[in-house]
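Thanks for coming. I will put the sequence and the structure up now, and then go through how the pieces pack.

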Amino acid sequence: MRDLDAFSWKAALEGGCFVTGTDTGVGKTVVAAWLVRRLGGCYWKPVQAGRDPEGDDGEVVARLAGVSQDRIFPPLYAFDLPRSPHEGAGRAGVKIDLNHFVLPTSSRPLVVEGAGGVMVPLGNGHYFIDVMKRLGLPVVVVCRTALGTINHSLLTLEALRSRGIGVAGVIFHGPPDEENRRAVTEMGRVRELAWIPWRERLTAEGDLVQREMDDCGLPLEQFQLKFAHAEMADARNPCPK
Ligand SMILES: Nc1ncnc2c1ncn2[C@@H]1O[C@H](COP(=O)(O)OP(=O)(O)OP(=O)(O)O)[C@@H](O)[C@H]1O
Ligand SMILES: [Mg+2]
């Protein structure tokens, strides 16, 4: 599959997409929530490793996107251990089987979130990138704007392309950094779909997406966060370096 051009990315995402990132904690769940809301979609996190105090990623997506739990498909594999899936599976005595990864049937665009980044091991010589290849959805890569992102983003794009996986574009997450964003998009020959600034704290009414690329022919949409969760709204939220 070749990369998607300006005119086809939105149509392609309407058929569903896979959200990966350059690292764990880079903002995939928040981006997935935005996409679920933007596309009127459903959400699936096939491998949930560890349970966050904020809830499983599916619960967070339902809350942020303001959709009911029936738009959230349950994980295929869920491990208590907040560690790599190959370790969580090993400790639980479970073998992760690539053949089990089949897209759930949905009449809405399905937004699938990976665990961590592309080379997260699943055990038995398999990596999350093999799941992406198998599912065949266009991939959205969530990248930080901070120092180090050029290396991580270009490596991620190279790994995807070397396996013939179509990249819909990148979504940046973090403080403004025009130079890093330009470097990733130019050197990585990739489309920027959106930039989401890091908020000092996530508030009930904050606008999430600062900029959505208007050359994609899309109207700029303010995305209202739906945080019902008091701890989350109150928690100090330092931006990771
Ligand atoms: N724009 C933002 N402003 C402030 N905090 C944010 C923002 N986006 C995400 N966060 C917080 O950063 C943390 C990591 O974000 P998120 O869970 O989306 O990352 P992830 O890539 O999905 O992580 P994982 O690999 O565990 O699935 C969460 O606590 C989330 O609430
Ligand atoms: Mg997540």
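Which hand does the crossing of helix 2 and helix 3 have, left or right? Before I answer, some conventions. This is a predicted model, in which local features need pLDDT of at least 70, side-chain atom pairs count only at pLDDT 80 or more, and totals for chains, interfaces and linings use all residues. Residues are numbered from 1 along each chain as its sequence is written, while chains are lettered from A and ligands numbered from 1 in the order in which they are written.

The crossing of helix 2 and helix 3 is right-handed, meaning that the near helix is turned clockwise from the far one by less than a right angle; anticlockwise would be left-handed. When I say helix or strand, I mean a DSSP run, H or I of at least four residues for helices and E of at least two for strands, numbered from the N terminus. On that count the protein has 8 helices and 12 strands.

Staying with this pair, the two axes cross at roughly 50° and come within 9 Å. Axes here are lines fitted to C-alpha atoms, for helices over the stretch in contact, and angles run from 0 to 180 degrees between N-to-C directions. Helix 2 and helix 3 are therefore oblique to each other. The classes are roughly parallel under 35 degrees, roughly antiparallel over 145, roughly perpendicular from 65 to 115, and oblique for the rest.

From helix 2, the residues Thr29, Val30, Ala32, Ala33, Val36 and Arg37 meet Asp57, Val60, Val61, Leu64 and Ala65 of helix 3. By class, this contact has 8 nonpolar, 1 polar and 2 charged residues. Contact means C-beta atoms, placed from the backbone, within 7 Å. For the classes, Ala, Val, Leu, Ile, Met, Phe, Trp, Tyr, Cys and Pro count as nonpolar, Asp, Glu, Lys and Arg as charged, and the others, Gly among them, as polar.

How covered is helix 3? Of its 9 residues, 57-65, 7 are buried, where buried requires 20 or more other C-beta atoms within 10 Å of the residue's own, exposed is 12 or fewer, and partly exposed is in between, with C-beta atoms placed from the backbone. Those buried residues are Asp57, Gly58, Val60, Val61, Ala62, Leu64 and Ala65. They pack against helix 2 (28-39) and against four strands: strand 2 (42-44), strand 3 (47-49), strand 4 (72-73) and strand 6 (110-117). Just after helix 3, glycine 66 has a positive phi of about 70°.

The second helix pair is helix 6 (residues 149-162) with helix 7 (residues 178-187), at an angle of about 25° and with axes 10 Å apart. That makes helix 6 roughly parallel to helix 7. The crossing is again a right-handed one. Thr149, Ile150, Ser153 and Leu154 of helix 6 meet Asn180, Ala183, Val184 and Met187 of helix 7. The residues of this contact divide into 5 nonpolar, 3 polar and no charged.

Now the interior. Of the 241 residues, 44% count as buried. The largest nonpolar core, a set of buried Ala, Val, Leu, Ile, Met, Phe, Trp, Tyr and Cys residues joined through C-beta atoms within 7 Å, has 60 residues. Helix 2 supplies the largest share of this core, 7 residues. Those with the most contacts inside the core are Cys17, Val19, Val31, Val61, Val139 and Val140.

Take valine 139: beyond four places in sequence, its contacts are Cys17, Phe18, Thr20, Met132, Leu160, Ile165, Gly166, Val167 and Ala168. Leucine 160, on that list, sits in helix 6 and is buried, with 22 other C-beta atoms within 10 Å. Outside four places in sequence, leucine 160 contacts Val118, Ile129, Val139, Ile165 and Val167.

As for sequence range, among contacts between residues at least 6 apart, 70% join residues at least 24 apart. In strand 11, alanine 194 has its C-alpha 9.4 Å from that of valine 31, 163 residues away along the chain.

Last, two loop residues other than glycine have positive phi: asparagine 124, near 55°, between strand 7 and strand 8, and arginine 189, near 45°, between helix 7 and strand 11. Asparagine 124 counts as exposed because it has 11 C-beta neighbours inside 10 Å, and arginine 189 counts as exposed with 12.

Conventions: Contact = placed C-beta atoms within 7 Å.
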